[in-house]
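Me: I should like to learn how to read the features of a protein model in order. Could you take me through the one below?

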Amino acid sequence: MSANDGEIKMVVAVIRPDKLADVKRGLAEVGAPSLTVTNVSGRGSQPAKKGQWRGEEYTVDLHQKVKVECVVADIPADDVVEAIRDAAHTGEPGDGKVFVMPVDSAVQVRTGKDGLDAV
């Protein structure tokens with residue numbers, strides 16, 4: 001049986017920025033070195049922070065995170081999820097989330113290959 005039952009999967013993780021190097025290393029160890037990284041901000045279960053600036057109190061409820069996207073076909077998505085989870089874990093609120101989605105189609109721009117061959 002092939003990885004992901006012959007389907008292409010996209011694994012998307014939103015993690016702490018300081019855990020990115022560990023996640024990259026974990027992905028490389030499971031054979032998934034290709035990824036896209038985006039700096040994002042968001043909120044979830046991590047508590048808001050209060051601050052003061054020029055005498056005014058403000059609330060920071062959007063926290064800086066990193067979104068890591070990894071599309072896989074020949075590597076089990078479950079292995080990618082486990083690598084991210086293990087590398088990003090601190091045990092504190094705000095460690096992040098991991099999502100797995102099906103990819104209907106893929107095309108490699110340079111070669112024109114599509115489907116599994118594009119990944």
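The dialogue that follows treats the sheet, the helices, the surface and the salt bridges of this predicted model.

Me: In what order do the strands of the open sheet lie, and with what pairing?

Reply: One reads a sheet across its strands rather than along the chain. Here the open sheet has four strands in the order β2-β5-β1-β6, and the pairing is antiparallel. At the edges lie β2 (36-42) and β6 (96-103), each of which pairs on one side only. From one strand to the next the twist averages 20°.

Me: Over how many bridges do β1 and β5 pair?

Reply: Strand β1 (residues 8-15) and strand β5 (residues 63-72) are joined in the antiparallel sense over seven bridges. To follow the register, one may take a single residue: the bridge partner of Lys9 in β5 is Val72.

Me: Which strands does each helix lie across?

Reply: For a helix, one asks which strands it covers and at what angle it runs. Helix α1 (residues 20-29) lies across β1, β2 and β5, and runs at about 10° to β5. Helix α2 (residues 77-88) lies across β1, β5 and β6, at about 10° to β1. A distance may be read between residues of the chain as well: the C-alpha atoms of Glu82 and Leu27 are separated by 9.3 Å, although these residues are 55 apart along the chain. Glu82 belongs to helix α2 and is partly exposed, with a relative accessible area of 39%.

Me: Is Gly51 buried or exposed?

Reply: The cut-off decides the matter: buried means under 20% relative accessible area, and exposed means over 50%. Gly51 has 18% and is therefore buried. This residue lies in strand β3, and, apart from neighbours within four places in sequence, it is in contact with Glu56, Glu57 and Tyr58. Trp53 is also placed in β3 (residues 49-53), but its relative accessibility is 56%, so it counts as exposed.

Me: Which residues make the nonpolar surface patch?

Reply: Trp53, Tyr58 and Val60 make a nonpolar surface patch of about 320 Å².

Me: What should I note about the backbone of Asn4 and Asp5?

Reply: Here one looks at the sign of phi. Asn4, which is not a glycine, has a positive phi near 60°, and Asp5, likewise not a glycine, has a positive phi of about 55°. Asn4 lies in the segment before β1, and Asp5 is found there too. Their accessibility is worth reading alongside: Asn4 is buried at 13%, whereas Asp5 is exposed at 57%.

Me: How many salt bridges are there, and how should one read a single pair?

Reply: The count comes to seven salt bridges. For each pair, one reads the atom distance, the positions in the chain and the exposure. Asp22 and Arg25 have their closest N and O atoms 2.7 Å apart. Because they are three residues apart in helix α1, about one helical turn separates them. Asp22 is partly exposed at 27%, as is Arg25 at 48%.

Me: Where in the chain do Arg43 and Asp61 lie?

Reply: Arg43 forms a salt bridge with Asp61, the closest N and O atoms being 2.7 Å apart. The pair links distant parts of the chain, 18 residues apart: Arg43 is in the loop between β2 and β3, and Asp61 is in the loop between β4 (56-60) and β5. Arg43 is exposed at 62%, while Asp61 is partly exposed at 30%.

Me: Which residues are joined into one network?

Reply: Salt bridges that share partners join Lys19, Asp22 and Arg25 into one network.

Note on methods:
Residues are numbered from 1 along each chain as its sequence is written. This is a predicted model: local features need pLDDT of at least 70, side-chain atom pairs count only at pLDDT 80 or more; totals for chains, interfaces and linings use all residues. Side-chain values use heavy atoms; hydrogens and water are left out. Two strands pair if DSSP finds at least two bridges between them. Helices (H or I, at least four residues) and strands (E, at least two) are DSSP runs, numbered from the N terminus. Axes are lines fitted to C-alpha atoms, for helices over the stretch in contact, and angles run from 0 to 180 degrees between N-to-C directions. Contact means heavy atoms within 4.5 Å. Patches are made of residues with over 30% relative accessible area and no salt bridge: like charges are joined within 9 Å, nonpolar side chains (Val, Leu, Ile, Met, Phe, Trp, Tyr) within 5 Å. Accessible areas come from the Shrake-Rupley method with a 1.4 Å probe; for residues, only the protein chains shown count as cover. A salt bridge is a side-chain nitrogen of Lys or Arg within 4 Å of a carboxyl oxygen of Asp or Glu. Buried means under 20% relative accessible area, exposed over 50%, partly exposed in between (1.4 Å probe, protein chains only).
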